[in-house]
Amino acid sequence: MGRNHGPGPPRWAASLLRSVLSPGLPSDGILGDLHEEFLERAERSLTLARVWYATVATAMAIRFAVGRRQRHAPDHEGGGGMMVGWRRDLVYALRRTRSEPGFSAVLVLTIAVAVGANAAIFGAVRPVVAPQLPFPEAQRLVRVWEANDQRGWTRSSDSWQDARDWAAATTTLDGLAVYNTWEGNLVTGDGAQRIRYTLAEPDFFRTLGVAPLLGRVLAPEEIDPSRSDVVILSQGLWTRAFGADPAVIGRTVRLAGRTLEVVGVMPASFQYPAADVDAWKPWHITPDQGGRRDSYWVSAVARLAPGVTLTQAQREMTAIGRALERAHPDTNEGFRPLLEPVADVAVLNARQGVMLLWGAVGLLLLVACANVATLLLARGEARTTEIHVRSSLGAGRGALMRQLLAESLLTAILGGALGIALALPALNGVRVLLGGRLSYGLAVELNPAVIGYTLLVTGVAGIAFGLLPALRLSADGPGPAAGVRGSAGRGSFRTGRALVIAQTALAVVILTGAGLLGRSMQRLAAVDPGFALGSALTFRVAPPQEGMDRQEASVLLESIRARVAAIPGVTAVAAANRLPFSGNMWNAEWTDQARPDEAPLRAFARVVQPGLLETLGVAVLRGRALLPTDDAGAAPVAVVSRSAADRFWGADDPIGSRLSLAPDDDRAPWVRVVGIVDDVETTQLGAGPGAVVYTPFEQSVFGHFGDWGMDYVVRTEGEAAALAPAVRAAVAEVDPSLPAFDVSTLRERYRDQLQAPKALGLLMTTFAAVALLLAALGIYGTLAYAVARSRPEIGVRLALGARPSAVVARILGRGAVLTGVGLVAGLALAAVAGRWLEGLLFGVDPLDPVTYLGIVGVLGVAALAASALPAWRATRVDAVEALRGD
Amino acid sequence: MSNDPFIGELEQMLLLAILRRGDQAYGAALVRELKATAGRRVARGSVYVTLDRMEAKGWLESRASDPRPERGGRPRRLLRVTPEGIAELRRSREALLSLWDGVEAVLEEG
């Protein structure tokens, strides 16, 4: 949620207005009046009220700013000062704008749409290009990842043992803190809720350097396990669970089965490592708990020592990594630590989409400017007489240009103000696109920086589209006063044609981008997730990890299953440690007993209750599924996914093979493969099915794959979402301290996968549609103007017996030439620009012929429509009237 | 005094609206009053600029009400017409009435 989206009026508009008012009662009176009326309007529609406020406040700010100017300007009766001249030009421009409302509206709307799109996208560009992270000297903060080129890993979690060795050896990093984020049930006075909390080494807070809102952060002595039963809360949790009571310090809460004393509250801006983390707890970790050196499961953040550059630190860390590689060749081969600024990590998932949209709206702005310039040139033709008269009366070229520029600047200002109002709803689209993709407290909002950028864009646009017509039209100098057309006509016509070709070409580039994203979206939506969406509800429960063994957990999970299965309308229930689309969670390596020296099978470990695969709707291809009889007392079994079978066994039959997670450990069991099931999209939609090994919960090492927390799938008759309350109640009946959370339907989980690409596609398509409309308008305007210019010629031709169809063909031919040249140039540009889309496209080549052909078709239809009306008009020309008219 | 220009139309309408609103005369109320009674939509910016100008000329006085929550904690700027303002209104009214004298019949015909 953006901070700018509360129930109040838009802050930027209030600030803008306040900035031109001197503080005091008149200022309070005005701002208060607007606030009062805003609240009245907000009762009917908040959005309309916000638009109203933005418009009125902007208009008033301009009014007061201009008023002050006038009072302060020297009062020359006969004019003469530069400012006075400008003011007169502006007043004259205002009068002209009013006298041609239709024409002015088209210009203003064109600029407004382009400026609005730019403002909205810039709201997202700013946090992406220059993230302002809420940490002191945030540019010194780095994430430390494990990378391994041989395995193709770029940003992997860290081995705890490696991280400990890095911290001991580095001199360029000042504090390297390891942390990990968990989920736990928080029990306060009034019930249980599910929260995410971070286990952090005490150095964590010193490294990030953020002061607490209340109380204190973690102290170094809390690394001592006997003193680590303390917790720090987020401001959000403190408000939700404790009503923001300052007396919370010293109180106790139960989190993940332990009683902890609250020692501090962090401010809302502190969102590390993620926005949904609600508590931090000291992490005391023993080498035993740290896991094997090749177990990659912790995260690390560090601060560059004062005066050290990223390159220097990376060089040192690479050397440390090499030393570890030599010391532990069996585990560390190819691994090296990779430093990445936290600011870059924050925008990692958002950058490409946002930059693409920024490019698109930049092009859209160029199209709009070219369009307005075309229209101004065409209208300028009609004004040659006026310009000749003014020039004959002694107006110099400078004065004429200033007059013409004042008109375009006025258009730009009006368009800019309207554009900002349009940007407000567009920003919501951008928020959806970036939903959850910006980290550490970055947000999309319409703030003063965005407004400043918009004003800059508006000003530049006003000069850009005004300069060319102003130069062209003022070039004439004194000439024949009326009737006879001057030489400017031909020149400006040529300029106009060039502008139309340019805007067609740019529109084609945007259209191609939108077309490719649309096709990619189509492909992604056509991917078979591998399970039946149907009507199914999913939810998650997670008993405390400590103080529970497999037997107890098994009984608990089974009672929940049985209780939910008894709800009327439920047809099947089963749980797994993770459902499809859960990212890169719980990878493991299995060794085949028959091939102990070969590379092991690397696959996702899914620990499931019997019936899970049937409930999800995953087909058994060969062998059998997991059964209720595969319990703790029976021989250990597993089923593997088709991808696992193909990749690891190839042409051989996996059924009957024996696998082990720890072949060197005599106590670890050998698990017999009893079946092959169909693939599912494991990490995310479109990533392709992963190799998966499914084992029964009762036969697995408890907690090894995060299976203290389990995802349930509930198949239902009828609407799945309607059963959510009954399911929550059923879980609470089994254990009131155990909340069912992440409740959503399977279909919603699937839709979430499509949301971001859909939003990106929709925004691009909108921009493309506007660009196409503007290009068509440009073609129409140029042809209509050409027809108007050659009325006498056409009239004479028709009078001399030319067939109307020939006249139509001539006009359409002109349109086709303009469109064709623009199209070819545009497609060439699009082919070059296509590489920007790589990585955003799914299953579509950036040079996809179907898309390119589609663009040709769409543009052809638009151009034909734009040429048809002028062509039809041409056939109606009456020779006598046309000649008399000239 | 007699060579001073007469007060402008918006000035006159605002002074009258302030008198009509009594002790509840502040910017937003005046905009509503003009719309409701005179059927005139006026630009807010012009209203405030005109009020400032009339206060500078001494025709108006303003004082702050208590801060109000529905105004984001800001006071109202309550306006009152000064005796000078009343005198201006009267001068303008008398001038207009004498001009209208004998012309009303023309309007009734039309």
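Arg258(A) counts as partly exposed, at 28% relative accessibility, and I should say at once that this value, like every other one I will give today, is computed from a predicted model. Arg258(A) forms a salt bridge with Asp229(A), and the closest N and O atoms of the two are 3.0 Å apart. The pair links distant parts of the chain, since Arg258(A) belongs to strand S9 (residues 258–266) of chain A, whereas Asp229(A) sits in the loop between strand S6 (214–215) and strand S7 (230–234), 29 residues apart. Asp229(A) is itself partly exposed, with a relative accessible area of 30%.

That bridge belongs to a total of 44 salt bridges over all chains, and I would like to go through a few others. In chain A, the side chains of Asp630(A) and Arg624(A) meet in a salt bridge at 2.9 Å, N to O. Here the two partners fall into separate classes of exposure: Asp630(A) is buried because its relative accessible area is 6%, under the 20% cut-off, while Arg624(A) counts as partly exposed at 28% relative accessibility.

In chain B, Glu88(B) and Arg91(B) make a salt bridge of 3.4 Å, N to O. Both of these residues lie in helix H4 of chain B, 3 residues apart, which is about one turn of the helix. As a reminder of the geometry, an α-helix has 3.6 residues a turn, so residues three or four places apart point the same way. Glu88(B) and Arg91(B) are both buried.

There is also a network of salt bridges, in which Asp33(A) and Glu36(A) from chain A are linked with Arg68(B), Glu70(B), Arg71(B) and Arg76(B) from chain B.

Let me stay with chain B for a moment. Chain B has 5 helices and 2 strands, and read along the sequence they follow the pattern α-α-α-β-β-α-α. Of its 110 residues, 41% count as buried. On its surface, Leu96(B), Leu99(B), Trp100(B) and Val103(B) make a nonpolar patch of about 360 Å². One member of that patch, Leu99(B), is placed in helix H4, which covers residues 83–100, and Leu99(B) is exposed, with a relative accessible area of 63%.

Turning back to chain A, where do we find a patch of positive charge on the surface? It is where Arg472(A), Arg494(A), Arg497(A) and Arg814(A) gather. Of these, Arg497(A) is in helix H17, residues 488–525, and Arg497(A) is partly exposed, with a relative accessible area of 35%.

Helix H24 of chain A, residues 804–833, has 30 residues and reaches 43 Å from its first C-alpha to its last, which is close to the 44 Å expected at 1.5 Å a residue. The buried residues in H24(A) include Val807(A), Ile811(A), Gly815(A), Leu818(A), Gly822(A) and Gly826(A).

Finally, which residue of chain A is 243 residues from Gly761(A) in sequence and 5.7 Å from it in space, C-alpha to C-alpha? That residue is Gly518(A). Gly761(A) is found in helix H22, which runs over residues 746–789 of chain A, and it is buried because its relative accessible area of 11% is under 20%.

Terms used. Residues are numbered from 1 along each chain as its sequence is written. Chains are lettered from A and ligands numbered from 1 in the order in which they are written. This is a predicted model: local features need pLDDT of at least 70, side-chain atom pairs count only at pLDDT 80 or more; totals for chains, interfaces and linings use all residues. Side-chain values use heavy atoms; hydrogens and water are left out. Patches are made of residues with over 30% relative accessible area and no salt bridge: like charges are joined within 9 Å, nonpolar side chains (Val, Leu, Ile, Met, Phe, Trp, Tyr) within 5 Å. Accessible areas come from the Shrake-Rupley method with a 1.4 Å probe; for residues, only the protein chains shown count as cover. A salt bridge is a side-chain nitrogen of Lys or Arg within 4 Å of a carboxyl oxygen of Asp or Glu. Lys and Arg count as positive and Asp and Glu as negative; His and the chain ends are not counted. The place of a charge is taken as NZ of Lys, CZ of Arg, CG of Asp or CD of Glu. Helices (H or I, at least four residues) and strands (E, at least two) are DSSP runs, numbered from the N terminus. Buried means under 20% relative accessible area, exposed over 50%, partly exposed in between (1.4 Å probe, protein chains only). The expected span of a helix is 1.5 Å times one less than its number of residues.
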